[in-house]
Amino acid sequence: MNVTSGVEESQFGLVSFRSCEQCQPAEFNARIQSALRAIPGIKSIGVVSALPFASPTGNAGITLDQAGKQFGGVPHFYGFGPSAISTLGLHPTQGRNFTDVDFQPAALYFFPASADVWITRSLADHLWPNETPLGRSFWMDKFHYRVAGVLAHFVRPNPGQGETGITGADWSVILPLLDSAQTGTYVIHATPTQWPQLMQEIRKTVRQIAPEAILDEEQSRPLAELRHQFFQRDRAMAWLLVLVIMAMLLVTSLGILGLASFWVQQRTKQIGIRRALGATRGQILRYFQTENFLISSLGIALGMLLAYLINQLLMQHYALPRLPLYYLPIGALVLWVLGQAAVFGPARRAAAVPPAIATRSA
């Protein structure tokens, strides 16, 4: 959920149409862009195929050879017109910017037959590890693309989903297309604080100037809202897991509390004898705290070993990223504190046992 999108999300929004009967792309694009630019608060507008956290439109497998034998993965292809590149303010961290001759018409859907493209650093490292990606070629079926630049980040519309999972969340390809090569989806640059009023005005305007087109209400939102909507289920699952973890910790602490209370009850006579022989309350308290610490440490050590083995299994067989190592000492510290806090009450009761109890029969 903390994935970097590659754009300043608060400044951008999406306007998307589901369909438009008998619309001519060039005329429809010009009509929509002209009307939206006239709305106060909109700084610029560009033609796109999709944006991060919106509906994916271009997932496709690629190969590193023309024969199609060396499979490279399944990135998401974005089709961006020159107006979209300037609106989003995209610049590669490595390589060159697109020039006017790079923007081409589409040969199939919004895919040009051959083009110089940008890819993300994550995809470049996956395709050509420890090598420069600039000038390298890859193919999507018979379509040939060459890497002209590398973006630090540009997340796919559905990060973490599909066959690429978390590993391919940032595998994206930017195709430079003429604005007339696609129609119906637009990126808007505006002041973040104006989005609530702007979206109302945008919906009203497009209904008036394009009554023949159907606006996609779910997708036509600020990018920040699209992100929030996309991760809604993940947040719900995260909170559910937090509640489960809290319940498990509560059950664990109650178990420690019950066991410690049982120890105190079983050793009442022993505690009284030690008190009669001169043991102080502090010594009795430290005894139970130390005993619980040793038992907890053994359980925590076994748990950390099990977590490490599970982590290695997930990495080797499911290609999931390594669990950060600092999770283990933090988890151990939490469990130690929990164990000591749970045993503190019974240990205090044990320390309060008077020496006279030793004279009683078992």
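Gln 94 sits across from Val 150 of strand β9 in this predicted model. That contact belongs to the pairing of β6 (residues 94–95) with β9, an antiparallel match held by two bridges. Strand β9 covers residues 143–151, and the points below follow its other partners and then move on to β7 and β10.

**Around β9**

- Seven of the nine residues in β9 are buried, so the strand is mostly covered.
- Strand β7 (residues 114–120) runs parallel to β9, and seven bridges join the two.
- Within that parallel pairing, Asp 116 faces Arg 146 of β9, while Thr 120 has Leu 151 as its bridge partner in β9.

**The β8–β9 hairpin**

- Strand β8 (residues 137–140) lies antiparallel to β9, with four bridges between them.
- One of the paired positions here is Phe 138, whose bridge partner in β9 is Tyr 145.
- Two residues lie between the strands of this hairpin, and Asp 141 adopts a positive phi near 60 degrees.

**β7 and its link to β10**

- Why is β7 described as largely enclosed by the rest of the structure? Six of its seven residues are buried, so the strand is largely enclosed.
- Besides its pairing with β9, β7 pairs with strand β10 (residues 172–176) in the antiparallel sense, over two bridges.
- In the pairing with β10, Ile 119 stands opposite Val 173.

**A general reminder for viewing**

- In a regular strand, side chains point alternately to one face of the sheet and then the other.

Technical notes
Residues numbered from 1 in each chain as written. Predicted model: local features only at pLDDT ≥ 70, side-chain atom pairs only at ≥ 80, totals over all residues. Heavy atoms only, no water. Buried < 20%, exposed > 50% of the residue type's maximum accessible area, 1.4 Å probe, protein only. Pairing = 2+ DSSP bridges.
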